[in-house]
Amino acid sequence: MRARLLSSCVTALTLSLSVSLSAQMSPKPVPQDTVIKGGTILTVTHGTIQNGSIYIHDGKIAEVGQAVHAPANAIIIDATGKYVMPGIVDAHSHSALDGDVNEATSPVTPQMMMRDAFDYTDKAIYHSLAGGVTTSLLLHGSANMIGGEAVVIKHKFGLDRDDLLFPNAPRSIKFASGENPKRVYGGRNQLPSTRMGNFAVQRAALQEAKEYMRDWDAYDAKVKAGDKTAKAPKRDLKLDELADVLRGKVMVQIHCYRADELLNEIAIAKEFGYNLRALHHGLEVYKVAQKVADAHVGLATFADWWGFKTEAWDAIPWNAVMSMRKGVIVAIKSDSNDFARRLNQEAAKTIRYGGATEDEALRMITLNPAWIIGVDDRVGSIDVGKDADIAIWNGHPLSIYGRVEKVLIDGSVFFDVNSGKYGLPFWKDGPMTGRDGFGNDDSDGEVDY
């Protein structure tokens with residue numbers, strides 16, 4: 001009797017959980033012809049259009065201007081008196097990775113995939129969405145000299161996990177130098193415990209990958225020549241990933257702070273021939289900005305963080321604009337769930353500290369971070385042919401009084417402050433995760449900064 005009762009309870013609980021989990025997700029939205037009409041359109045690439053309109057077809061921006069040609073049955077979104085801008089892009093986030101942001105058991109772990117740690121129900125995705133963020137690069141932490149491969153998401157909160165993955169986004173991997181790796185492993189009395197050790201570990205791993213790639217290239221050449229006795233080298237997932245880095249298939253995003261380290265990282269990238277896409281944090285780029293610009297390396301930085309550890313002591317709030325004026329592609333990023341939902345205000349600080357124009361400030365949270373991620377051909381500006389990822393504000397987005405009212409991703413509304421249900425049209429009743437009060441992106445402390 002007790003066994004049957006226990007079995008019934010387990011069955012009921014399983015059924016209840018199944019219903020709860022299935023109920024929280026809605027069917028995928030079907031993009032419909034839509035016109036956003038009457039707003040002040042901040043295009044980022046070709047100025048401001050007063051009382052303009054955007055015609056969206058099949059999830060893409062089909063037309064932008066004072067007037068557009070749309071079907072009579074198109075949905076009309078009245079943006080009169082409001083501001084319309086591209087969805088915000090965050091080039092450095094640890095949202096929705098919970099405590100799995102660092103694999104701190106080895107200084108070299110390129111085989112790690114942040115996609116495997118991605119919690120698509122994390123409320124941090126929702127919070128960012130409500131702040132106008134539509135795309136984020138979720139990175140490994142900075143405990144390792146070479147961390148894992150990042151995942152790019154669109155903030156389609158309420159859909160299934162794979163629906164949030166940015167389709168065909170370029171691959172990126174996180175490297176790190178400076179205090180964090182040397183502290184993590186030096187605290188265990190192992191290599192690396194110094195900056196010298198950091199770079200020695202990095203070079204050794206890249207050299208090993210270079211030799212691994214050479215062995216596989218030699219094997220492939222033999223097979224192509226018809227050698228049936230050729231023996232394949234042993235497959236190694238860690239070296240497979242690094243070989244793809246060396247082949248230019250994976251962009252490198254590097255956590256670093258000091259000017260000397262920035263130059264060292266650029267030199268190592270040149271030595272091994274990989275695509276160093278951007279320096280992250282880079283609080284001393286202003287000291288060597290011309291060299292960074294000449295290397296065509298971007299910068300994803302804080303607006304005004306400084307002094308929170310030794311290597312941040314020379315940080316200044318003018319870094320972003322000073323570097324931009326030298327030709328560096330600069331993005332303001334979050335590295336914090338708290339900052340992620342008000343990146344508009346972080347960007348506005350560049351107007352106060354350095355005299356950025358409104359267009360330049362907006363570019364730092366739209367097109368520039370999209371370039372760092374490698375998706376600037378698809379998002380980051382209001383241009384014909386791009387994904388209809390758009391945020392509508394009740395005031396200017398660079399004002400502290402501006403508030404997001406509606407967010408579209410791929411032409412469908414994913415946040416509407418007036419819709420009820422947390423403003424989420426595609427969210428059904430169910431749990432939102434987020435297991436700590438701090439926001440659960442930096443649960444292992446400053447190793448992520």
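Is tryptophan 318 buried, partly exposed or exposed, and what is its relative accessibility? Tryptophan 318 counts as partly exposed, because its relative accessibility is 38%, which falls between the 20% and 50% cut-offs. The legends below take a walk through this predicted model, starting with that residue and its partner.

**View 1. Tryptophan 318 meets tyrosine 353 edge-to-face.** The two rings of this aromatic pair sit 5.5 Å apart, centre to centre, with 85° between their planes. Tryptophan 318 belongs to the loop between β13 (298-301) and α9 (319-325), and tyrosine 353 to the loop between α11 (343-352) and α12 (358-363), so the pair ties together parts that are 35 residues apart in sequence. Tyrosine 353 is partly exposed, with a relative accessible area of 25%. Tyrosine 353 has a charged companion too: arginine 352 lies over the face of its ring, at 4.9 Å from the ring centre.

**View 2. Helix α11 and the glycine just after it.** While you are in this area, have a look at α11 itself. Its buried residues are Leu343, Asn344, Glu346, Ala347, Ala348 and Thr350. Just after the helix, glycine 354 adopts a positive phi of about 125°.

**View 3. Tyrosine 126 stacks with phenylalanine 157.** Here is another of the aromatic pairs, of which the structure holds 14. Tyrosine 126 and phenylalanine 157 are 5.9 Å apart, centre to centre, and their planes differ by 20°. Tyrosine 126 sits in helix α2 (residues 123-130) and phenylalanine 157 in the loop between β9 and α3, so distant parts of the chain, 31 residues apart, are linked. Both tyrosine 126 and phenylalanine 157 are buried.**View 4. Lysine 156 and its contacts.** Lysine 156 lies in the loop between β9 (151-154) and α3 (161-164). Is this lysine buried or exposed? Lysine 156 is buried, because its relative accessible area is 14%, under the 20% cut-off. Leaving aside residues up to four places away in sequence, lysine 156 touches Asp163, Leu164, Ile409, Asp410 and Phe414.

**View 5. A cluster of rings beside the lining of a cavity list.** Ring pairs link Tyr257, Phe302, Trp305, Phe308 and Phe339 into a cluster. Two of these names, Phe302 and Trp305, also appear in the lining of the largest cavity. That lining further includes Leu283, Ala303, Asp304, Ala315, Ile316, Pro317, Asn319 and Ala320. By class, it has 8 nonpolar, 1 polar and 1 charged residues. The space in this cavity comes to about 50 Å³.

**View 6. The second largest cavity and tryptophan 371.** A search of the whole structure finds 2 cavities of 30 Å³ or more, and this one has a volume of about 40 Å³. Val292, Ala293, His296, Val297, Gly298, Gly327, Val328, Ile329 and Trp371 form its lining. By class, there are 6 nonpolar, 3 polar and no charged residues in that lining. Tryptophan 371 also has arginine 277 over the face of its ring, at 3.8 Å from the ring centre.

**View 7. The largest pocket.** The volume of this pocket is about 240 Å³. Its lining takes in Met113, Arg115, Glu149, Ala150, Val151 and Val152, together with Leu165, Phe166, Asn168, Ala169, Pro170 and Arg171. Sorted by class, the lining has 8 nonpolar, 1 polar and 3 charged residues.

**View 8. A cis peptide bond at proline 192.** Which residue does a cis peptide bond join to proline 192? The partner is leucine 191, and omega is about 5°. Proline 192 lies in the loop between α4 (179-186) and α5 (195-224).

**View 9. Positive phi at alanine 96 and aspartate 335.** Alanine 96 is not a glycine, yet its phi is positive, near 65°. You will find alanine 96 in the loop between β6 (88-93) and α2. Alanine 96 is buried, with a relative accessible area of 0%. Aspartate 335 has a positive phi as well, of about 60°, and lies in the loop between β14 (330-332) and α10 (337-340). With a relative accessibility of 0%, aspartate 335 counts as buried.

Methods
Residues numbered from 1 in each chain as written. Predicted model: local features only at pLDDT ≥ 70, side-chain atom pairs only at ≥ 80, totals over all residues. Heavy atoms only, no water. Helix = DSSP H or I, 4+ residues; strand = E, 2+ residues; numbered from the N terminus. Buried < 20%, exposed > 50% of the residue type's maximum accessible area, 1.4 Å probe, protein only. Contact = heavy atoms within 4.5 Å. Phe/Tyr/Trp six-rings, centres within 6.5 Å; stacked < 30°, edge-to-face > 60°. Lys NZ or Arg CZ within 6 Å of the ring centre and 35° of its normal. 1 Å grid on protein atoms, 1.4 Å probe; cavity = no way out; pocket = protein on both sides within 12 Å on 5 of 7 lines; lining within 4 Å. Points joined across faces, edges and corners; volume = space filled by probe spheres on them. Nonpolar A, V, L, I, M, F, W, Y, C, P; charged D, E, K, R; others polar.
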